[in-house]
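Trainee: I should be grateful for a close look at a single part of this protein, followed by an account of its surroundings.

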Amino acid sequence: MEALLNEWLWREEFWIPPGNHWKDMEMKEGEGHFPLPRHLIYTLPLALIFIAIRYIFERVIAIPLSKVLGVKDRIRIRAASIPKLEAFYKQHSQQPSQSEVVGLGKQCGLSQRKIQTWFRHRRNQDRPSSTKKFCEASWRFVFYLTSFTAGLGSLIDTPWFWDQSECWRGYPKQPVSEAHYWYYMLEMSFYLSLLLSISVDVKRKDFKEQVVHHIATIILIGFSYIANYVRVGTLVMLVHDSADIILEVGKMLHYALWAKTCDVLFVLFALVFLVTRLYVFPSRIIHTTLIVSMQFYEPFFGYYFFNALLFVLQLLHIYWAYLILRMVYRFAFVGKIEGDVRSDEESPVDDNEEEEEDGGECSWEQRKDAINSRLASLANNCVLNNLTNQTNRNSRLPKTR
């Protein structure tokens, strides 16, 4: 199997510059080791370990923390157990058309309004709770904070952190230190775990973009390791983790309804995101991989493939920057941020479903009583206003007695 992979997939002309061979990139004692394709096999069991650690973290740390911060879940009405409607909900559609509502009403012997109410309650029942979203955000926050801190500590003393042209000096025969090896393995394993669990995580408005981002990131990390783009790859990961820390802690406090703190964090996140993703990433990283690298070796397949992946990430950055700037506009002119930063809106469903839950099945008598009470309240207010105005006018009259 390994021989077949070496012959077809790990061909030298695909992954390393012309004139170099895999045998030149062998482990040398005292210099760390050179990256090899078989090292990536370890990321799959590490991804499963990440999923297990996340499961424990959410139940032991995240849920108690959510209670301390005041995260509260909305109480939702559970849909009644109706097998025919449940089968239609799971197999056909969560939002039936008018003709389908009529047909289901005839099958179940229910009115159209009761059918619509059942589907509304059933959709709300599947919505993720605030606690679930808080746990997901807190897990990512802990990883990004740890990854960024450890990555910055391992890169601060390296020459390519300050001068990106050092990424290509001696390429591809650049040994990888133990710290950067684990930085790569853990980062790739984390994104692989996110991709494996994306079907059970909160489904957001930019779900498709998130899938593309995770796949592009995994391919980018894996390829850059095989082709020994480790130096520039560590810079890419560090730039991305810097803004994600603020994003996830902003989400956590958003679910806890810390509005003012969220506003401050949103402004800080927008500044960090726009600077790192729209300035640092293209001007420092893409520039060195696209332009500066050609001063040290001739372009090959890996050169074009690696830069193509970086451009995919940059397109996603531009898309998310558009969403952020739109929210900045609302924040500046409306005075508050609607929803969560960047991508935390849920998949589109009825906007007014939550408000309609409590009154969806009220009878006509209850509605009539509510209307009468409101009319009586308005009448009382009108009488009080008239009496107040009359008193004010009388107080202005000169006293004759």
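Trainee: Which residues are buried in helix α5 (residues 98-108)?

Mentor: The model is a predicted one, and the description below should be read with that in mind. In helix α5, which spans residues 98-108, the buried residues are V101, L104 and G105. These residues lie on the same side of α5, because they cover an arc of only 105° around the axis. The face turned away from that buried side carries the exposed residues S99, K106 and Q107. As for packing partners, the buried residues of α5 pack against α4 (83-91) and α6 (112-126).

The end of the helix can be described through C108, which is found in α5. C108 has a relative accessible area of 22%. A residue counts as buried when that value is under 20% and as exposed when it is over 50%, so C108 is partly exposed. Leaving aside residues up to four places away in sequence, C108 touches I82, K84 and L85. K84 is 24 residues from C108 in sequence, yet the two C-alpha atoms are 7.4 Å apart in space. After α5 comes G109, whose phi is positive, near 70°.

With the single helix described, the whole protein may be considered. The protein has 15 helices and zero strands. Of its 401 residues, 43% are buried. Among contacts between residues at least 6 apart in sequence, 81% join residues at least 24 apart; the pair C108 and K84, at 24 residues apart, has such a separation. The protein exposes about 22,700 Å², and carbon and sulfur atoms supply 61% of this area.

The interior comes next. The largest nonpolar core holds 61 residues, and W168, F190 and Y229 touch the most other members. Two or more residues come to this core from each of α3 (43-69), α7 (130-155), α8 (159-162), α9 (178-196), α10, α11 (230-255), α12 (259-290) and α13 (301-333). The most is given by α11, with ten residues. Apart from this core lies another, of 16 residues, among them A243, L253, F273 and M327. To return to one of the residues named for the largest core, Y229 touches W168, Y171, Y184, F223, S224, Y297, F300, G302, Y303 and F306, not counting residues up to four places away in sequence.

Helix α10 (residues 207-226) offers a further example of a buried position, for it contains H214. With a relative accessible area of 3%, H214 is buried. Its contacts, again not counting residues up to four places away in sequence, are with Y191, L194, L195 and I198.

Charged residues deserve separate attention. Side chains of opposite charge can pair when their charged atoms come close. A search of the whole structure finds eight salt bridges. In one of them, R54 pairs with E58, and the closest N and O atoms are 2.8 Å apart. R54 and E58 are separated by about one helical turn, because they are four residues apart in helix α3. Both of these residues are buried. A second salt bridge joins E166 to R169, with the closest N and O atoms 3.2 Å apart; R169 counts as partly exposed, at 46% relative accessibility. A third is formed by D244 and R277, whose closest N and O atoms are 3.4 Å apart. Since D244 lies in helix α11 and R277 in helix α12, this pair ties together parts that are 33 residues apart in sequence. D244 and R277 are both buried. Finally, salt bridges that share partners join R54, E58 and R59 into one network.

The database record may now be set beside the model. In an unreviewed UniProt entry, the annotation "transmembrane region" covers residues 39-57, 141-161, 181-199, 211-230, 257-280 and 301-322. Two of these spans can be described in the model. Residues 181-199 are 84% helix and 0% strand, and their end C-alpha atoms are 29 Å apart. Residues 257-280 are 92% helix and 0% strand, with their end C-alpha atoms 32 Å apart.

To conclude with the part you asked about, α5 has V101, L104 and G105 as its buried residues, and S99, K106 and Q107 are exposed on the face turned away from them.

Notes. Residues numbered from 1 in each chain as written. Predicted model: local features only at pLDDT ≥ 70, side-chain atom pairs only at ≥ 80, totals over all residues. Heavy atoms only, no water. Buried < 20%, exposed > 50% of the residue type's maximum accessible area, 1.4 Å probe, protein only. Contact = heavy atoms within 4.5 Å. Arc of directions from axis to C-beta. Core = buried A, V, L, I, M, F, W, Y, C linked by side-chain atoms within 4.5 Å. UniProt positions renumbered as here; feature names shortened; annotations may be inferred. Areas by Shrake-Rupley, 256 points an atom, 1.4 Å probe, with all protein chains shown as cover. Salt bridge = Lys/Arg side-chain N within 4 Å of Asp/Glu carboxyl O.
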